[in-house]
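Student: Before we discuss any labels, could you show me the model, so that we can ask what each term rests on?

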Amino acid sequence: MRRQRTTLIAVSTLIAITLTTAAPSPANAAPPEQVTALTAHQADGYTTLAWQPVDGATDYQIERTPVDANGTPTGAPTIVGIWRPNRQINQQAPTFADAGYNPGDTFQWRVRARTGTTEQPYSNPVTATTTAPWGNPDTPGESLRTQWETTHAAQYTSDTDEYAYTAAIDTLSDRVRVVELGRTVQNRPINMLVIGHPAPPATPAAVAATAPVAINCNVHGNEPGDREACLIMARQLAFSTDPRITDLLSHTTVLIVPTINGDGRANNTRGNSTGQDLNRDYSLIRQPETAAYIKMVRDYRPVAGYDGHEFGNSRAGDLPMLPPRHQNVAQPIFDQSQDMIEGHMYAKGAEAGWWACPYGCEGGGNVGLSEETILRNTLGLKNVTNSLLELRSSGGQTRPDEGNTANNRRRKTYSALWTFQQFLDYHRADRADILNSRAESIELQAANTGRLVFRGSRPIPAHPAPHPGDSPPPLDAPPADLILDTPPCAYKLTDAQYNGARTDGPGGVGTTVAQRIAAHGWKVITIGDDHYVPLNQPERGLIPLLLDPKGVEKLTDGERVPPTLTGRRNGPLVVTGFTCADNATINGPVTVRAGAALVTTATTISGPLTATGAAGVLLADSTVNGPVRIANTTDAISIIDATIAGPTDLSANTTGTDAPVLAGTTIRGPLSCTGNNPAPTNLGIANTVHGPRTTQCAAL
């Protein structure tokens with residue numbers, strides 16, 4: 001069961017205290033308006049300050065002073081933070097994460113309350129040495145540092161230094177493999193670190209079986225804070241002996257793409273070298289960078305993800321976050337993503353002192369909408385629990401010391417590092433829920449029920465007071481002309497639409513619709529000169545957005561294909577051409593002829609189903625009261641959330657690069673799969689088989 005939204009965090013959670021001030025004796029009791037019980041807890045790149053609240057306080061000022069080893073000030077005291085009640089969900093345990101300093105230096109902190117504009121007495125000071133950058137400088141691997149670290153945040157890590165750094169991690173750690181996903185327009189490699197313990201699985205399919213997580217660190221080239229965090233975290237994951245790290249990596253695989261937009265990072269531009277905003281291209285995949293990432297999602301099948309950005313709003317929280325909001329995203333994925341944000345990040349942020357809030361909080365404007373081209377929405381439509389992460393670009397009123405550029409950069413990067421580590425912890429603790437939500441969503445999508453929305457977002461209500469953000473992102477409710485109440489069975493494309501040349505890529509040369517559909521991993525059935533894309537498959541919510549005439553940002557105007565068989569049919573059925581059964585009852589055997597295709601949803605077949613040499617067989621949310629035999633199929637096979645009352649045999653099917661899918665299905669009889677190329681997959685959703693499972697389906 002998913003956790004309920006957290007509304008209270010005990011002070012006792014802040015256990016690890018570096019230094020505390022002793023409580024005053026009764027004879028010298030602090031005045032009631034003075035902050036007491038100030039503590040400082042050190043972490044990677046930041047210090048969590050915590051104190052007892054003062055009755056009637058409007059806000060609190062946090063002061064930091066550099067000191068030497070003896071506690072003697074070496075610089076002027078500076079107000080580095082303002083704590084306000086809307087920073088966190090637990091008002092009775094105020095905390096502030098101070099990250100505007102060079103890690104490893106020593107400081108003194110004090111905190112004072114303000115009532116209105118009246119400043120109250122400072123607390124007694126606490127002094128501590130902050131945590132140095134992770135890794136023993138004398139230990140190979142751990143001693144690696146990024147350019148950003150070695151210059152004390154004066155420079156961001158260059159592309160060539162990134163490649164050298166990640167290659168060194170790959171060489172020195174058995175836990176890491178660096179793979180090249182593709183190349184940018186200007187031919188820079190798009191690398192991904194594949195990290196597992198004791199070693200990462202050898203193939204994408206083997207990685208997919210571990211329920212991996214993915215972090216996309218730098219899609220906008222001029223927003224590099226998350227990227228630096230990803231590079232630091234890669235070193236920690238590669239070399240740390242902390243039991244938490246080895247436990248995490250023993251239960252999943254972490255996929256880190258430091259720089260999908262290498263050209264934009266090298267030129268410090270938002271878009272890639274063609275000027276394309278890549279975060280408006282993940283569905284259309286017109287650019288090689290986005291195509292590389294979407295193919296990775298297809299092959300490695302991450303179950304959860306984070307996408308890193310920076311947000312130019314000085315009034316917002318430290319860490320604005322947002323789930324996939326498009327209304328075609330299945331409810332379980334939306335709910336799970338919200339649980340990750342509000343149930344975990346808000347609560348843990350209140351412990352650590354980070355201000356997590358919904359993207360758009362505090363005057364965010366018209367942000368965080370439903371465009372399916374945005375990665376968080378694309379991933380949601382691909383049944384991935386995920387969130388956008390925005391790092392507030394400017395410190396603003398709550399972080400007044402960030403006129404210092406290096407301090408501003410440190411806060412952004414170390415807050416991102418905290419978020420990504422918490423993301424891994426969430427996956428470790430909630431893995432079963434994440435997988436259940438994914439399975440439910442895939443089955444809901446494949447059932448092809450309910451309306452389709454071509455642009456429209458789910459609401460993000462303001463968090464109940466006390467809350468970490470006054471202004472949730474706006475709702476872009478779908479207009480009537482962008483709603484399709486009755487979904488088609490499939491879309492039919494002509495060969496010119498499917499294989500014809502495109503001009504919407506770099507330099508006026510684009511990949512074909514066929515290539516982009518293949519990159520998304522959708523099943524396609526070809527009969528004669530026509531190409532059918534059924535909707536009874538896992539990414540049903542995304543398919544119409546690219547192929548329907550109502551699509552706002554579409555690839556082509558496909559022809560809607562309605563169901564061809566509904567209601568009751570008595571007697572044998574011989575399928576020729578393309579047949580789509582929806583809410584049908586077929587009382588008799590079904591035979592799919594060579595070159596033909598059968599697509600069913602919510603359909604019952606009372607009799608055997610036999611397909612020999614068919615173009616495709618796709619069954620979803622359907623029942624076959626009899627044996628099923630599918631052999632020598634040429635294009636597509638998918639059986640999702642079905643019930644088969646008899647032996648099931650998949651033999652000698654050759655579907656190119658498109659693996660047959662058998663997922664979430666109950667088979668009351670033996671299951672045999674032999675000679676299929678490629679071998680069937682269950683998408684990580686186990687089947688229930690009342691009989692022996694043999695050969696290629698033994699593990700399904």
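Student: How many bridges join β33 to strand β36, and in which sense do the two run?

Tutor: This is a predicted model, and in it 4 bridges join β33 to β36 (residues 648–651), with the two strands running parallel. Since two strands count as paired if at least two bridges are found between them, the 4 bridges between β33 and β36 satisfy that criterion. Two of the residue pairings can be named: V628 has T648 of β36 as its bridge partner, and R629 has D649.

Student: What stands opposite R629 in the pairing of β33 with β30?

Tutor: There the residue opposite R629 is T610. Strand β30 (residues 609–612) pairs with β33 (residues 628–631) in the parallel sense, again over 4 bridges.

Student: What makes β25 and β41 the edges of the sheet?

Tutor: The open sheet has 7 strands in the order β25-β27-β30-β33-β36-β39-β41, with parallel pairing. β25 (573–575) and β41 (693–695) each have a single partner strand, so one side of each is left without a neighbour in the sheet. From one strand to the next, the twist averages 10°.

Student: Why is α8 called roughly antiparallel to α10?

Tutor: Helix α8 (residues 331–352) and helix α10 (residues 405–446) pack at an angle of about 165°, with their axes 9 Å apart. Angles over 145 degrees count as roughly antiparallel, and the angle of about 165° therefore gives α8 and α10 that description. Their crossing is right-handed, and the contact between them comprises 10 nonpolar, 7 polar and 6 charged residues.

Student: Why, then, are α4 and α10 called oblique?

Tutor: Helix α4 (residues 225–239) packs against α10 at an angle of about 55°, with the axes 8 Å apart. Roughly parallel requires an angle under 35 degrees and roughly perpendicular one of 65 to 115; the angle of about 55° meets neither condition, and α4 and α10 are therefore oblique to each other. The crossing of α4 and α10 is right-handed. Among the residues making the contact are I232, M233 and L237 of α4, together with L417, F420 and L424 of α10; by class, the contact has 10 nonpolar, 4 polar and 2 charged residues.

Student: How do you know where the predictor's confidence is low?

Tutor: pLDDT runs from 0 to 100, and over residues 1–27 it stays under 50, although the model has 58 contacts beyond four places in sequence for that stretch. For the protein chain, the mean pLDDT is 94, and 95% of the residues reach 70 or more.

Conventions. Residues are numbered from 1 along each chain as its sequence is written. This is a predicted model: local features need pLDDT of at least 70, side-chain atom pairs count only at pLDDT 80 or more; totals for chains, interfaces and linings use all residues. Side-chain values use heavy atoms; hydrogens and water are left out. Contact means heavy atoms within 4.5 Å. Axes are lines fitted to C-alpha atoms, for helices over the stretch in contact, and angles run from 0 to 180 degrees between N-to-C directions. A crossing is left-handed if the near helix is turned anticlockwise from the far one by less than a right angle, and right-handed if clockwise. Ala, Val, Leu, Ile, Met, Phe, Trp, Tyr, Cys and Pro count as nonpolar, Asp, Glu, Lys and Arg as charged, and the others, Gly among them, as polar.
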